Structures are given as structure tokens and as C-alpha cells.
Amino acid sequence: MRVAVIVYDGVFDSGLSVVLDVLSNANALGGQIHESAPTWDVTLVGPAPQVRTRAGLVVAPEPLDAAETAGLLVVPALGESDASALLDHVGGDVSRPVRDLITRTRLRGTPIASACAGTFLLAEAGVLDGVRATTTWWLSPVFRNRYPKVVVDHSQMVISCDGITTAGAAFGHVDLALSIVRAGSPALADLVARYLVVDERPSQAAYTIPSALAQSDPTVAAFEVWTREHLAEPITIPEAAKAIGVSERTLQRSVQRTVGTSPIRFVQDLRIERASHLLRTTGLSLETIARKVGYEHPNTLRVLLRERTGKTTSALRGSK
């Protein structure tokens with residue numbers, strides 16, 4: 001497959017290099033799988049003869065038109081940690097050539113792949129409207145607010161829908177690149193992962209910090225503070241809404257819009273976060289921890305921990 005990887009001023013260095021390194025290793029290791037193992041012919045394309053990465057490295061790409069015949073377009077993230085600056089970039093004239101290429105690529109029916117903040121460029125180009133996609137977890141409130149037509153889903157680290165593949169935050173570029181290899185050869189993807197010592201990360205859920213998401217909306221922030229103060233008690237949404245001075249409907253809408261989930265699910269996330277911390281940092285029994293975070297039966301907590309973090313209670317204790 002011929003792959004075009006977009007580089008542009010401010011591109012996230014690690015995201016770019018990870019994609020290149022994974023595909024390069026796949027090409028090198030393919031012979032260990034089978035003589036007819038797939039290969040990837042990678043071309044860097046950009047809007048200028050020279051572009052400078054976020055870390056200041058200079059890259060000399062081919063013109064954007066060189067991507068017109070590629071079988072896959074990869075869009076690495078912008079290396080920007082400020083949400084306002086990110087939105088200014090993806091919506092401004094500086095990124096228009098890249099957005100136009102994304103739009104043309106979509107109209108041709110060519111697959112597109114992106115990770116982390118690169119998904120903002122896809123959404124800004126309109127190619128994610130009505131598509132199930134993921135993005136970097138900590139920018140998801142901003143993403144949801146700006147692109148309400150996109151179906152944001154954080155249940156998986158990598159999501160493929162209607163010819164577009166998206167992956168989660170920062171080093172989700174690793175998962176994205178491996179998914180490209182896996183589409184050609186699952187065995188080769190497993191081999192590359194072993195050589196690069198990459199662990200499987202099925203979801204971003206274990207990395208999400210609920211309080212960071214909550215700060216994007218004053219109602220959700222107040223709900224988070226109140227919930228943390230009452231974690232050990234039975235919590236009802238009507239009671240919580242009344243306590244922070246909003247209607248239940250307003251609370252439901254604010255949490256869904258900001259966090260992408262229900263208030264009850266958000267309460268569970270806060271409880272799981274606290275329980276995980278206590279498991280890592282104390283010698284308290286699971287029964288005691290369960291009571292501290294509002295669960296009468298420790299098995300309920302055990303199941304939720306496994307479901308949300310992908311780890312057993314023993315594994316969480318061992319990570320301290």
C-alpha cells in the first residue's frame with residue numbers, strides 16, 4: 001500500500017515518528033511472517049517545501065498533490081496543548097491546504113487515519129460528520145462542543161468507521177500505526193508489537209482524569225466537587241442537581257455534552273478513580289475501600305474496576 005503522511009508546521013514529533021517507525025519495522029519484519037507479507041510505501045507530503053515540527057526539526061516533504069494517488073492518508077496530531085491555540089490552527093488559513101487535501105481524499109473514497117489532536121483537522125474538514133470516532137480524551141469536551149455532528153466514542157483506543165480510523169491521545173499514534181499494519185496482516189502487527197515492546201491498550205478509559213474533563217463546564221465542575229464529598233454515600237441525580245442548584249435535566253445535559261456520558265456513569269468514574277488510588281497507595285482491604293467509595297458489596301467494585309481499568313485488584317495493588 002502507498003501511504004501518504006501529512007507533515008505541517010507544528011506537527012507532533014512523536015506522533016509523526018511513531019507512524020514512520022512502526023510502518024518501517026513492519027516492512028523490515030514482514031519476511032519473518034511470509035514472503036508475500038504486505039509492505040507500506042510511505043511518502044511525506046506537506047503544504048510547503050520545508051516544514052518545522054513542534055520540536056523544531058526541519059522536514060522536506062513532497063507537495064500535497066503527491067497524496068492524490070495514495071491508498072491511505074495519515075494525519076498526525078498538531079503538537080499543541082492549549083485548546084484555544086489548537087482551534088485557531090485547525091480553523092485558520094494556515095491549515096486550509098491540509099483540510100482541503102483531507103476533503104478531496106474523502107471524496108475519492110480513500111481511507112484516512114488520524115490520532116490525538118489530528119482528529120480536529122478531520123472534523124474541521126467535515127469528514128467526520130455522522131461518523132463514530134475517538135480523539136484525545138482531555139480535549140473531548142472541546143471537540144464535542146465544536147463538532148456536535150461527530151459521534152465521539154472513547155470505548156476503544158482505535159475506532160474504524162466508514163473508511164476513517166481514529167485513535168486516542170498522544171501515543172495513540174502507536175495504536176493507530178499498528179492498526180494499519182493489522183489491517184494488512186494481524187500476525188505481522190503482533191510481531192511488530194513484540195519487537196517494539198508495545199502493550200495492547202484497548203481503551204483510553206484507564207487514563208482519563210474525570211476532574212480534568214469536568215473543568216470545561218461550571219455545572220459539571222460543581223457536580224464533581226459535590227460528588228467527591230459524598231462518594232461514600234448513596235447518590236441520586238435529583239439530590240445532586242438540587243444540591244448544586246440546577247434542574248436534573250440541566251445536569252443530565254451538561255454532563256452528556258461535556259463528558260459524553262450520563263451523570264451516573266460519571267459518578268462511577270469518580271468512584272473507580274478513588275478506589276484505584278486507594279488500592280495503589282494503601283493496604284486497606286477491598287471491603288473497606290468499597291465502603292469508602294459507596295459500594296456495599298466489594299464484588300461490585302471488583303467487577304467495575306476490571307471493566308473500566310482492564311486490571312484486576314491484585315494488578316492495581318502491584319502498580320503502586
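Mentor: Let's settle one definition up front: a helix here is a DSSP run of H or I with at least four residues, a strand is a run of E with at least two, and both are numbered from the N terminus. Keep in mind, too, that we're looking at a predicted model.

Trainee: Okay, which helix holds Arg 291, and is that residue buried or exposed?
Mentor: Arg 291 sits in α13, the helix covering residues 286-292. Its relative accessible area is 51%. The cut-off for exposed is over 50%, so Arg 291 counts as exposed.

Trainee: How many Å separate the C-alpha atoms of Arg 291 and Pro 49?
Mentor: Along the chain, these two are 242 residues apart. In space, the distance between their C-alpha atoms is 61 Å.

Trainee: Let's go to the sheet. Which strands stand at its edges?
Mentor: Seven strands make an open sheet with mixed pairing, and their order is β5-β2-β1-β6-β7-β11-β10. A strand at the edge has a single partner, so one side of it is left without a neighbour in the sheet. Here that applies to β5 (62-63) and β10 (158-161).

Trainee: What about β6, then: does it run parallel or antiparallel to β7?
Mentor: β6 covers residues 72-75 and β7 covers residues 112-115. There are 3 bridges between them, with Val 74 partnered by Ala 113 and Val 75 by Ser 114. The two strands run parallel.

Trainee: And which residue of β6 does Ala 4 stand opposite?
Mentor: For this one, look at the pairing of β6 with β1. These strands are joined by 3 bridges, again in the parallel sense. Opposite Ala 4 you'll find Leu 73.

Trainee: Which residues of β6 point the other way from Leu 72 and Val 74?
Mentor: In a regular strand, side chains alternate between the two faces of the sheet. In β6, Leu 72 and Val 74 point one way, and all four residues of this pattern are buried. The ones pointing the other way are Leu 73 and Val 75.

Trainee: Which helix lies across β1, β2, β6, β7 and β11, and at what angle to β6?
Mentor: The strands it crosses include β1 (2-6), β2 (41-46) and β11 (164-167). The helix is α3, residues 96-108. Its angle to β6 is about 150°.

Trainee: What angle does α6 make with β7?
Mentor: α6 also packs on the sheet, where it touches β6, β7, β10 and β11. Comparing its direction with that of β7 gives about 155°.

Trainee: I'm curious about Asp 162. Where is it, and is it buried or exposed?
Mentor: Asp 162 belongs to the loop between β10 and β11. Its phi is positive, about 55°, although it is not a glycine. With 55% relative accessibility, Asp 162 is exposed.

Trainee: Ala 170 has a positive phi as well. What is its relative accessible area?
Mentor: You'll find Ala 170 in the loop between β11 and α6, with a phi of about 45°. It counts as partly exposed, since its relative accessible area is 26%.

Trainee: Which residues touch Thr 219, leaving aside its neighbours within four places in sequence?
Mentor: Thr 219 is part of α9, residues 218-229. Buried means under 20%, and Thr 219 qualifies with 16% relative accessibility. Its contacts are Ile 244, Val 246, Leu 251 and Ser 254.

Trainee: On to the pockets. Which helix gives the most residues to the lining of the largest one?
Mentor: This pocket has a volume of about 1000 Å³ and a lining of 35 residues, with Gln 204, Ala 205, Ala 206, Tyr 207 and Arg 308 nearest its centre. By class, the lining splits into 12 nonpolar, 11 polar and 12 charged residues. Helices α8 (210-214), α12 (263-281) and α14 (298-309) supply at least two residues each. The one that gives the most, with 7 residues, is α12.

Trainee: Which element gives the most to the lining of the second largest pocket?
Mentor: Here the volume is about 270 Å³, and 13 residues form the lining, including Asp 175 and Arg 201 among those nearest the centre. Two or more residues come from each of α6 (172-184) and α7 (186-196). By class there are 6 nonpolar, 1 polar and 6 charged residues. The top contributor, with 4 residues, is α6.

How values were computed: Residues numbered from 1 in each chain as written. Predicted model: local features only at pLDDT ≥ 70, side-chain atom pairs only at ≥ 80, totals over all residues. Heavy atoms only, no water. 1 Å grid on protein atoms, 1.4 Å probe; cavity = no way out; pocket = protein on both sides within 12 Å on 5 of 7 lines; lining within 4 Å. Points joined across faces, edges and corners; volume = space filled by probe spheres on them. Nonpolar A, V, L, I, M, F, W, Y, C, P; charged D, E, K, R; others polar. Pairing = 2+ DSSP bridges. Contact = heavy atoms within 4.5 Å. Axes fitted to C-alpha atoms, helices over the stretch in contact; angles between N-to-C directions. Buried < 20%, exposed > 50% of the residue type's maximum accessible area, 1.4 Å probe, protein only.
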